[in-house]
Each structure stands twice: as structure tokens, then as C-alpha cells.
Amino acid sequence: MSLGFSAEALLSRARGGGALRMGLVRVPEAEWLTPGVDLAARVAVFAAEPDCVQVLPEAEAAVEEVAGMLDGWLHAFPSRLREGLGEGLGTSSATSSSFLPPTPPERGRGAHAPDVLRTVAANVWEDLCILTPNASGQYRLTAAALAFPTDWHLHEKLGHALTPIHAPIHGYAEQLASGVDHFFATLQPGPIFGRTNWFVVASDAWRYLPQDDPQTRFAHVTEGNAGTTLFVRCERQTLRRLPQSGAMLFTIGIHVAPLDRLSTDAVVRVADSVAGISSGEHERRAAPFYADALTRYAARRNRPPELVA
């Protein structure tokens, strides 16, 4: 089952309101990673932000394994790299019709693990997070190449277990933690599972790290301009077990689109989902500052043509 590679497609697989759930679907190997992308933005981030790649000592073997896995995947599915995405990635990126499989990074004895991870992560659209189990079987984030974060900083999460990592998400510990822990403990090598997460934001920037307060960030948004000033930011997330190290590889591919480039059905789905978010999560996503404009915009988009003024 495909998750798709655009905000429009990913929204159809996304959770709306109600209780938290993993919402996993099986992802075919050939559709593991995003095809046909221009990677210049990622290369620039990795060059300018050295701290966005970090590796703890216990993850070095897994980094080596990830490098080999990605190198093998890119050469097994070279046609995926040449496929265009149309509007898939949104407004901040162009697609490439001539991208070639990358030269694999230097690996093995003497290789510096952060450099290896930075190189392989610059050759794919997805950010790469590695989680390794400790002696008690608890998974911790021990390495990551995070070029395009959605309002979080790697240094704040590195070394932490799953529940503390997800602490800002209201209801995670009560509704989702046990299911996620069971999935991590039992997933076998081979299958790939994916899910999508979404946010309504006021920017199409690939690196979404806003510094202003939400009221200021969304102050310019109205019903009349919401189509061009509000963006849906989707995370296409996948999980798979590394067969040699036993670590988990978590990938995050960012796909962004302004509301006016989404179908009316998708816009209505987003508006309904925002309205159905629980109170704590409503505030975390800054919804009080754009929800009314979004609802009104969606209602206007959804009116029959004969009723539109």
C-alpha cells in the first residue's frame, strides 16, 4: 500500500482528530524513499549546520549499516531517482530528471561516523534517525541526520528514550507509548512500515524552526488569504529494522503545500482534523491562532459554485 509522495496523498492516510494511533501501513521496498528530488537544499543545510548530524558511540555500527543499506537501495532502484514528482514536494523544491546514484561515502575502518551519516543523508530526501536498544531493551535516539526538522532540535532529543522524546505530544504516554514500545520490540528485519503526520504552518521553509510566538506567526492569516498564507506540512515517516545491528531506522520525508494547491476535499479534511484535535494538542499545534480562518476558508472552498459570490 502506497503512502504517496505529496501533501495531498499523505493527508489521505493521516489521522484526523480523536485518540492517538500509530496508523501504520506496509510500504513496498521500491517506495521506501522519495524519488526524483533536487537535493541542493539538503546539501546546503548539512554544510551550514554541522550540529544537525550527531552520532553517539553506541550507534556507530548502525550508521555503517545504514550507509550500506542506502547505497544498495539507491543502486537497486535507480529509476526511482529519475521520476518526477510534479507538485509532490511543494513550493520550496524542484524536481530533477537527471539525478544519478551518488558515490558511496568512505566507510569502514577509520571512517568518521558523523561524516558517513551526513553523506548518505545528503543523498536522499529523508532525514535519518537511528534508535538503538539499551541493556533493558529500551530504545533511545542515538544518531540522526536532521536537515528539515519540524519545530524540534536534535540536541534536545539525542540520547533520550521514546516516551521522553514524545513528551510534548499530549496523550502519548497514556494512549500510544505501550503500542509503540511493542512495535519496536517485535518488528523483524525486512518489512517497512510507514505513517504520516501533518501540521498547519505559516511557512513553506524546509527547516521549520520558528522563533516568534504563535500569535505573531499567524497574525496575518485571514479567511481571504488563508489559501496562500497557510501551508500543510506533512511528514512521511517510515520504520524498519536493521538486520545486523538490530537498531531501528526512522526516516522523515517533508512534503509541503499551500492550501490553495490542495483539493477541496483535502482542505476540508485538514479543517475538520484541526477542529477535532484534543485541547492540549490544539495548543501545541498553535491552532487557536489560525483555526477560525482555516474553517472559514474551507467552508468557502466547499460551497457549491452557484452559492459562491
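Guide: Buried means under 20% relative accessible area, exposed means over 50%, and partly exposed covers what lies in between, using a 1.4 Å probe on protein chains only. Before we apply that, note that this is a predicted model, where local features need pLDDT of at least 70 and side-chain atom pairs count only at pLDDT 80 or more, while totals for chains, interfaces and linings use all residues. Residues are numbered from 1 along each chain as its sequence is written, and side-chain values use heavy atoms, with hydrogens and water left out.

Visitor: Okay, what share of the protein chain's residues count as buried?

Guide: Of its 309 residues, 52% do. Contacts are worth a look too: a contact means heavy atoms within 4.5 Å. Among those joining residues at least 6 apart in sequence, 75% link residues at least 24 apart.

Visitor: How many helices and strands does the protein chain have?

Guide: Helices are DSSP runs of H or I with at least four residues, strands are E runs with at least two, and both are numbered from the N terminus. Here that gives 13 helices and seven strands.

Visitor: In what order do the strands of the open sheet sit?

Guide: Two strands pair if DSSP finds at least two bridges between them. The seven strands run in the order β1-β5-β6-β7-β3-β4-β2, with antiparallel pairing. β1 (25-26) and β2 are at the edges with a single partner strand each, so one side of each has no neighbour in the sheet. Further in, β3 and β4 share six antiparallel bridges, and Pro133 faces Tyr139 in β4.

Visitor: How many residues of β6 are buried?

Guide: The general idea first: in a regular strand, side chains alternate between the two faces of the sheet. In β6, eleven of the eleven residues are buried, so the rest of the structure largely encloses this strand. Both faces are covered: one side includes Phe231, Arg233 and Glu235, and the other includes Val232, Cys234 and Arg236. Take Phe231 as a sample: its relative accessible area is 10%, so Phe231 counts as buried. Phe231 and Asp204 are 27 residues apart in sequence, yet 6.5 Å apart in space, C-alpha to C-alpha.

Visitor: Which strands does β6 pair with?

Guide: β5 (residues 193-201) pairs with β6 in the antiparallel sense over nine bridges, with Asn197 opposite Glu235. β7 runs antiparallel to β6 and is joined to it by eleven bridges, and Leu239 has Phe250 as its bridge partner there. β6 and β7 make a hairpin with six residues between them, and Gly246 in the turn has a positive phi of about 80°.

Visitor: Which residue other than glycine has a positive phi near 60°?

Guide: Most residues other than glycine have a negative phi. Asp151 goes the other way, with phi near 60°, and is found in the loop between β4 and α5 (154-157). Asp151 is partly exposed because its relative accessibility is 48%. Ala286 also has a positive phi, of about 60°, in the loop between α12 (279-284) and α13 (291-301). Ala286 counts as buried, at 4% relative accessibility.

Visitor: What span should helix α3 have?

Guide: The expected span is 1.5 Å times one less than the number of residues. For the 17 residues of α3 (residues 60-76) that gives 24 Å, and the end C-alpha atoms are 24 Å apart, which agrees. Its buried residues include Val63, Val66, Leu70 and Trp73. What covers them includes β2 (53-55), α4 (113-121) and β3 (127-133).

Visitor: How many aromatic pairs are there?

Guide: Rings of Phe, Tyr and Trp (its six-membered ring) pair if their centres lie within 6.5 Å; planes under 30 degrees apart are stacked, over 60 edge-to-face, and the rest tilted. The count is nine aromatic pairs. Trp73 and Phe77 have ring centres 5.4 Å apart and planes at 45°, so this pair is tilted. Trp73 is buried at 4% relative accessibility, while Phe77 is partly exposed at 23%. Ring pairs also link Tyr139, Phe183, Phe184 and Phe193 into a cluster.

Visitor: Which ring has the charged end of Arg285 over it?

Guide: The rule asks for NZ of Lys or CZ of Arg within 6 Å of the ring centre and within 35 degrees of the ring normal. Arg285 sits over Trp198, 4.7 Å from the ring centre. Arg42 lies over the face of Phe148, at 5.1 Å.

Visitor: And how many disulfides?

Guide: Zero, where the test is a pair of cysteine sulfur atoms within 2.5 Å. Cys129 is buried at 3% relative accessibility, and Cys234 is buried at 0%.
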